[in-house]
Amino acid sequence: SIDGVICGDDRFTERVLEKARRLKVISKWGTGIDSIDREACARHGVRVCNTPNAFTDPVADSVLAYVLAFARNVTAMHETMKRGTWHKVQGHALCERTLGIIGVGNIGSAVARRARAFGMKIIGNDIREIDPVFLAEYGMTMLPLHELLRAADYISVNCDLNPTSRHLLDARAFSQMKSTAVVINCARGPIIEEPALIEALRQGKIAGAGMDVFEEEPLPS
């Protein structure tokens with residue numbers, strides 16, 4: 001009896017669409033529509049819409065929250081103080097660090113604006129050409145992915161999930177990063193191959209990861 005749906009990350013599969021005979025439109029409250037089977041929607045005559053920029057600023061804020069947490073060692077100092085340990089934990093200033101942004105769309109651009117305010121050096125990677133005026137304004141240099149991975153101290157994943165970006169960061173990608181690098185994913189979980197990430201962290205190939213999304217959500221126990 002449903003004609004239209006406003007959804008979050010709910011999954012709309014062939015099985016769901018077969019049950020919703022009257023459904024005419026699915027509108028995603030957000031940008032990414034990877035949880036919706038668009039081919040099945042086309043077969044059933046269901047229109048798929050989204051709302052670009054709905055969460056651009058909050059997501060970009062979250063990326064910078066992770067960057068700052070690592071730069072200033074907020075979590076480590078909080079935990080040591082709660083354990084009764086009182087000693088300095090070394091951090092660094094963001095103006096001394098390079099941020100690599102993978103996917104310079106609305107959110108990636110918003111991340112760049114915030115990072116620029118902290119004086120970070122900004123490098124980017126995208127499959128499409130980015131407006132040179134924007135690049136000049138924020139001092140961003142576009143690089144091939146392997147060069148970005150080698151140069152960045154912080155790597156922020158801000159691209160869509162699609163067949164070309166699934167497991168974009170795999171074991172080979174982690175091996176190209178600095179041992180002091182931190183990876184931040186506020187985009188989609190499957191862009192990172194999680195077993196490879198876990199292994200890279202365990203072996204000290206990278207220094208840390210800030211994860212707002214996972215391959216399987218909620219995380220299994």
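Begin by selecting strand β2, residues 25–28, together with β3: in this predicted model the two strands pair in the parallel sense over 3 bridges. To see one of the pairings at residue level, display I26 and look across to β3, where V48 is its bridge partner.

Now widen the selection to take in β1, since β1, β2 and β3 form an open sheet of 3 strands in the order β1-β2-β3, with parallel pairing. The edge strands are β1, at residues 4–7, and β3, at residues 47–49, each of which pairs on one side only. Looking across the sheet, you will find a twist that averages 15° from one strand to the next.

Next, move to helix α3 by selecting residues 56–71, a run of 16 residues whose first and last C-alpha atoms lie 23 Å apart, close to the 22 Å expected at 1.5 Å a residue. Within this helix, colour T56, V59, A60, V63, L64, V67 and A71, which are the buried residues of α3. These residues lie on the same side of α3, because they cover an arc of only 140° around the axis. As background, an α-helix has 3.6 residues a turn, so residues three or four places apart point the same way.

Keep that coloured set in view and add α5 (106–117), β7 (154–157) and β8 (182–185), the elements against which the buried residues of α3 pack.

Finally, follow the chain just past the end of α3 and select N73, where the backbone takes a positive phi of about 55°.

Methods. Residues are numbered from 1 along each chain as its sequence is written. This is a predicted model: local features need pLDDT of at least 70, side-chain atom pairs count only at pLDDT 80 or more; totals for chains, interfaces and linings use all residues. Side-chain values use heavy atoms; hydrogens and water are left out. Helices (H or I, at least four residues) and strands (E, at least two) are DSSP runs, numbered from the N terminus. The expected span of a helix is 1.5 Å times one less than its number of residues. Buried means under 20% relative accessible area, exposed over 50%, partly exposed in between (1.4 Å probe, protein chains only). The arc is that of the directions from the helix axis to the C-beta atoms. Contact means heavy atoms within 4.5 Å. Two strands pair if DSSP finds at least two bridges between them. Axes are lines fitted to C-alpha atoms, for helices over the stretch in contact, and angles run from 0 to 180 degrees between N-to-C directions.
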